Amino acid sequence: MKKRFIHISFLFAVLFALFSSCKKKETAPETPTTTSTTTTEPTHHGMIYSNQIVMLTSGTLTPFNGLSGGLFSTTNMIGDGIISGTSADAGAVSLNSTTFKKSTVGSIYYTDSTNTDFSPTYNWQVAGGSGIPAINYTYSVTLPAFTGYASLSNTINLGQSNTISLNGITGADEIQVSISASTNTSYLKTVDGSATSVTFNASDLNTLSTSTLGYLYVTCSKVSYQTFSGKTIKIKAGYQLLKSDIVIQ
């Protein structure tokens, strides 16, 4: 069975680097995040995204920065990930005139090394290549909101089920929730934007170790699927909340 490379692991690696150093730096992908999903979606050969990030610490929300990027595949993608060995070099990728950095560590992926907090509207430009067509697309969208963050768990208990409240999320098409330890090991679940909670079973978290520096990510995204010259691309614009004071025990 082929091993899946999931782009979310790269997002987490960047977040950890930014949070620990408080400065922009390059980070290679960590061990791929284990994922599960309860959603179905159209066949697509690429995914481009831009997230606005806020940090929640001791009940206080603080604007953090932005996290934007993309990846493309020569075959059908699996959610937001690709099968190893199928990544496609789509040429130059830019968002609102900011050109992304291309990395070829493990797979080919694109990231905004400036960590700009882009605001809607999003103008995406992809030069094209490796079967991926040229893209010039403007995504005008209102980002989802998350007002129920006070109900988020402070503690994750290993060896048992943990239910994370998603009350107060509005305007989302897709919600992704991840629990991560300080070692960057993590488990991600994707649910529909109308979900009011997500449950992590004990078996979901068996790769995590105890930590007083755990993280909980909740990403609420608007999602659009657009077809360019016969290839469908998943386009996401998200509001990502990072809760940084989670105890994993």
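## A buried ring: Phe228

In this predicted model, Phe228 has a relative accessibility of 14% and therefore counts as buried, the limit for that class being under 20%. The ring of Phe228 pairs with that of Tyr137 in an edge-to-face arrangement, with 6.0 Å from centre to centre and 75 degrees between the planes. Tyr137 is placed in strand 11 and Phe228 in strand 19, so the pair links parts of the chain that are 91 residues apart in sequence.

Tyr137 is also classed as buried, because its relative accessibility is 18%. Together with Tyr139, these two residues make up one aromatic cluster: Tyr137, Tyr139 and Phe228. The model has six aromatic pairs by the criterion applied.

## The chain as a whole

The protein chain contains one helix and 20 strands. Of its 249 residues, 53% count as buried. The chain exposes about 10,200 Å², and carbon and sulfur atoms supply 48% of that area. Among contacts with a separation of 6 or more, 66% are made by residues 24 or more positions apart.

Confidence is not uniform along the chain. The mean pLDDT is 86, and 84% of the residues reach 70 or more. Over residues 1–32, however, pLDDT stays under 50, and for this stretch the model has 85 contacts beyond four places in sequence.

## The four-stranded sheet

Strand 11, which carries Tyr137, belongs to an open sheet of four strands in the order 7-6-10-11, paired in the antiparallel sense. The edges of this sheet are strand 7 (98–99) and strand 11 (135–139), each of which pairs on one side only.

Strand 10 (residues 122–126) and strand 11 run antiparallel and are joined by five bridges. Within this pairing, Val126 stands opposite Ile135 of strand 11.

## Strand 16 and its two partners

Strand 16 (residues 174–180) is mostly covered, with seven of its seven residues buried. Burial extends to both faces: Glu174, Gln176, Ser178 and Ser180 are buried on one side, and Ile175, Val177 and Ile179 on the other.

Strand 16 pairs with strand 17 (residues 186–192) in the antiparallel sense over seven bridges. The pairing of strand 16 with strand 19 (residues 211–228) is likewise antiparallel and has seven bridges. Individual positions give the register: the bridge partner of Val177 in strand 17 is Lys189, while Ile179 stands opposite Leu216 in strand 19. Strand 19 is also the strand in which Phe228 of the aromatic pair lies.

## Lys189 over a ring

Besides its bridge to Val177, Lys189 takes part in an arrangement with an aromatic side chain. Its charged end sits over the ring of Phe200, 5.6 Å from the ring centre.

## Ser209 in the loop before strand 19

Ser209 is located in the loop between strand 18 (197–200) and strand 19. Its relative accessibility is 36%, and it therefore counts as partly exposed.

Which residues does Ser209 touch, not counting those up to four places away in sequence? They are Leu158, Ala181 and Ile248. Ser209 and Ser186 are 23 residues apart along the chain, and their C-alpha atoms are separated by 10.0 Å.

Key. Residues numbered from 1 in each chain as written. Predicted model: local features only at pLDDT ≥ 70, side-chain atom pairs only at ≥ 80, totals over all residues. Heavy atoms only, no water. Buried < 20%, exposed > 50% of the residue type's maximum accessible area, 1.4 Å probe, protein only. Helix = DSSP H or I, 4+ residues; strand = E, 2+ residues; numbered from the N terminus. Pairing = 2+ DSSP bridges. Contact = heavy atoms within 4.5 Å. Areas by Shrake-Rupley, 256 points an atom, 1.4 Å probe, with all protein chains shown as cover. pLDDT = per-residue confidence, 0-100. Phe/Tyr/Trp six-rings, centres within 6.5 Å; stacked < 30°, edge-to-face > 60°. Lys NZ or Arg CZ within 6 Å of the ring centre and 35° of its normal.
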